[in-house]
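The following paragraphs lead through a structure, beginning with the packing of helices and ending with the relation between chains. Please keep the sequence and the coordinates at hand while reading.

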There are 2 protein chains.
Amino acid sequence: MTPSKPAARKPRRSYHHGNLRRALLDEALATIHAVGVDGVTLREIGARLGVSRTALYRHFADKRALLTAVATEGFRTLREQLVTAWEAGGRGDAAFRSMGVAYVRFAVANPAHYRVMFGGFVDPQVRDPELTAEAEGAFQALVDALVSLQHAAVVRDDDSVLMARHVWALVHGVAMLGIDGHLCEPGAVDELMGYAFERLRTGIAANPDTRPTQAR
Amino acid sequence: MTPSKPAARKPRRSYHHGNLRRALLDEALATIHAVGVDGVTLREIGARLGVSRTALYRHFADKRALLTAVATEGFRTLREQLVTAWEAGGRGDAAFRSMGVAYVRFAVANPAHYRVMFGGFVDPQVRDPELTAEAEGAFQALVDALVSLQHAAVVRDDDSVLMARHVWALVHGVAMLGIDGHLCEPGAVDELMGYAFERLRTGIAANPDTRPTQAR
DNA sequence: ATGAAATGTTGACGATGTCAACACCCGGGT
DNA sequence: ACCCGGGTGTTGACATCGTCAACATTTCAT
């Protein structure tokens, strides 16, 4: 590509690093956040940690495995923020909305990281089991909240998953459009989220008659 | 990365190629479709066209410019397919749903191309004007359809844009989740689309009273 | 203490994007 | 008819990158 930076080196006392795997993940994430995923270079990351290029190969199979691990951690963080928003918001209607806001905020605040999670850097067709598990964990936070919201209504599990997917697709779409600059006017993301959740709210607990399956 | 293919060369009679720019775009798109965007190599593409690497630089500033052009064409064909679905479907309720299906179908049928359009391969922060225009054209197809659907109701323009963005985020989210394998069960994408559009339908033309003005 | 396993290093290789310098070819002005 | 300028394609070279093989060092179990 284009030129490169001088790469600050950091010495280290012992031959072994201590916890290189952890440090590699942190450094990779920092780099992704700073200059995007294309700026991630095994040599540069190694240099920054005062370690040689290829040291990484004792902890990850290859570059993609590193990015997969970063993506996995992203899903974990995302789930934590979703759960926090849900619980801090009082596990009610407003809390659910607040989950959605937290989701989009995570994506917009860490666009490059979010892209690593969803941008196909990871997954040609073989899905990493840890990544899949963590991604499903984040999704489960949505499902749990929805189920909790509907405790009064009689709903089949399938419907909860479907609703959660609906919400997921929506916030994911808003996040992606936001990241890609398709909602460039200031406040457009928030406005859209407000509109979408208002639309959503009028159907989750209140109107079982608008459900297609008619579960009553 | 890993190995590579022998790269079929194609001779050519005249020194000049004729329409290399067009051929480069087609070949790039074919490669993207076949092996993904990481498989796109200037050398390989050149070889396939019976032309030397760097020939590309007479038609595009660099690799990214090529991908940007591919993304631009993606938005153009997407818009065409959306408009076709809308018109062929009779410009009514069903046609609108059919637009959504067409959108998701385009993404799922051409995942790698779709990723080039949205995956941030293009846009560090500087948005290409042609790309932006074409993307807005595709979005406009949604807005137009929505406005047409609401010809009876009294709606401000802002609301139409907002609704269109809502729909866009939704189908974009469904498409992305589908592409990324987060909806892996067969039929999950269609099921989700059905559910989401059922939800959508009950609010576009019918219920002006569910607009966000009043709470609860 | 000793050998094995874990961890880190160096050297090398092929592939890639890109630049500079050069070669070819077509069309318009004389 | 000439020629010559700009558009188009080529070759050579370079820096960078991911990765492998072979080697060095450290840690740990016995």
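For the angle between two helix axes, values of 65 to 115 degrees count as roughly perpendicular. The model to which this convention is applied here is predicted. In chain A, helix α3 (residues 63-88) and helix α5 (residues 111-118) pack at an angle of about 110°, and their axes are 8 Å apart. Because the range for roughly perpendicular runs from 65 to 115 degrees, α3(A) and α5(A) are roughly perpendicular to each other. On the side of α3(A), the residues that make this contact are Leu67(A), Val70(A), Ala71(A), Gly74(A) and Phe75(A). Helix α5(A) contributes His113(A), Val116(A) and Met117(A). Sorted by class, the contact of α3(A) with α5(A) comprises 6 nonpolar and 2 polar residues, with no charged residues.

These two helices belong to a chain whose secondary structure can be stated briefly. Chain A has 8 helices and 0 strands, and its elements, read from the N terminus, follow the order α-α-α-α-α-α-α-α. The chain has 216 residues, of which 39% count as buried. When contacts in chain A between residues at least 6 apart in sequence are considered, 69% of them join residues at least 24 apart.

The description now turns to the two chains together. In general, two copies of a chain are related by a rotation about an axis and a shift along it. Here, a turn of 180° with a shift of 0.0 Å along the axis lays chain B on chain A with an RMSD of 0.0 Å. The two copies are therefore related as by a two-fold rotation axis. The same surface serves both copies, since 100% of the contact residues of chain B recur in chain A. Which residue of chain B comes closest to the rotation axis? That residue is Gly173(B), whose C-alpha lies at 1.9 Å from the axis.

The contact between the chains takes 32 residues from chain B and 33 residues from chain A. On the side of chain B that touches chain A, the elements that give two or more residues are α5 (111-118), α7 (157-179) and α8 (188-204) of chain B. Helix α7(B) provides the largest share of that side, 11 residues. In terms of class, the side of chain B that touches chain A has 14 nonpolar, 10 polar and 8 charged residues.

Methods:
Residues numbered from 1 in each chain as written. Chains lettered and ligands numbered in written order. Predicted model: local features only at pLDDT ≥ 70, side-chain atom pairs only at ≥ 80, totals over all residues. Least-squares fit on C-alpha atoms with pLDDT ≥ 70 in both. Contact = placed C-beta atoms within 7 Å. Helix = DSSP H or I, 4+ residues; strand = E, 2+ residues; numbered from the N terminus. Nonpolar A, V, L, I, M, F, W, Y, C, P; charged D, E, K, R; others polar. Axes fitted to C-alpha atoms, helices over the stretch in contact; angles between N-to-C directions. Parallel < 35°, antiparallel > 145°, perpendicular 65-115°, else oblique. Buried ≥ 20, exposed ≤ 12 C-beta atoms within 10 Å, placed from the backbone.
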